[in-house]
Amino acid sequence: MTGDTTPYWDACRRHELVVQSCAACARRVHPPAAECPSCGAADLAFAPVSGDAVVHTFTIVHRAFVPAFRGREPYVLAWVDLAEGARAFGQVVECPPEQVRIGMPVRVTFDHDDLPQWRPA
Ligand SMILES: [Zn+2]
């Protein structure tokens, strides 16, 4: 992530998902950036999103390479398309890994570390 991500993490601590919105072209930008990747404008403001998304693609992790995730296998990591039009990353929870599908509706939820995760909608 580049740019000032403080508002994003502050919102996560409130269990609220916010995504930048470009003042010049209205594109939603995520992960947080200093400039709009579409038009180059630097006027990006964080705004809440619904938390509704669909699974764009995913992988089932059978061997965690991140120590904090060891013992949780198998688990699912996914890119999801937000209803507002940006793509976000996170773990899919509350669903057996073999039941996750591309196009599956999901909704944001937050874990005990205040990280956004995705559960079946
Ligand atoms: Zn823009």
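This is a short talk on how one protein chain is laid out, from its two domains down to a single alanine.

Okay, hi everyone. Before anything else, please keep in mind that we're looking at a predicted model.

Let's begin with the overall split. The domain assignment divides the chain into domain 1, residues 6-48, and domain 2, residues 52-120. If you take the centres over C-alpha atoms, the two domains sit 21 Å apart.

So how many residues of each domain are in contact with the other? Eight from domain 1 meet 11 from domain 2. On the domain 1 side, helix H1, residues 6-13, and strand S2 each put in at least two of the touching residues. Sort that side by class and you get four nonpolar residues, two polar ones and two charged ones.

Now, a little sheet. There's an open one with three strands, in the order S2-S1-S3, and the pairing is antiparallel. Which strands are at the edges? Those are S2, at 28-29, and S3, at 44-48, each pairing on one side only. As a reminder, strands of a sheet pair through backbone hydrogen bonds, either parallel or antiparallel. Here, strand S1, residues 18-22, runs antiparallel to S3, and five bridges join them. If you want a spot to zoom in on, find cysteine 22: across from it in S3 is leucine 44.

Moving along the chain, UniProt has an annotation for us. An unreviewed entry there places "domain: ChsH2 C-terminal OB-fold" at residues 48-111. In the model, that stretch is 0% helix and 48% strand, and its end C-alpha atoms are 18 Å apart.

Next up, the inside. The largest nonpolar core has 18 residues, and the ones with the most contacts inside it are Ala53, Ala78, Val80, Leu82, Val106 and Trp118. Where do the core residues come from? At least two each are supplied by S1, S4 (52-61), S5 (75-82), S6 (87-92) and S7 (105-110). S5 gives the largest share, with four residues. And this core draws on both domains: at least three residues come from domain 1 and at least three from domain 2.

Let me finish with one of those core residues, alanine 53. What is alanine 53 in contact with, once we leave aside its neighbours within four places in sequence? The list is Val80, Asp81, Leu82, Ala83, Ala88, Val106 and Trp118. You'll recognise some of those names: Val80, Leu82, Val106 and Trp118 also came up among the core residues with the most contacts.

That's my tour, thanks for listening.

Technical notes. Residues are numbered from 1 along each chain as its sequence is written. This is a predicted model: local features need pLDDT of at least 70, side-chain atom pairs count only at pLDDT 80 or more; totals for chains, interfaces and linings use all residues. Two strands pair if DSSP finds at least two bridges between them. Domain bounds come from an automatic or database domain assignment. Two residues are in contact if their C-beta atoms, placed from the backbone, lie within 7 Å. Ala, Val, Leu, Ile, Met, Phe, Trp, Tyr, Cys and Pro count as nonpolar, Asp, Glu, Lys and Arg as charged, and the others, Gly among them, as polar. UniProt positions are given in the numbering used here, feature names are shortened, and annotations may be inferred rather than shown by experiment. A nonpolar core is a set of buried Ala, Val, Leu, Ile, Met, Phe, Trp, Tyr and Cys residues joined through C-beta atoms within 7 Å. A residue is buried if 20 or more other C-beta atoms lie within 10 Å of its own, exposed if 12 or fewer, and partly exposed in between; C-beta atoms are placed from the backbone.
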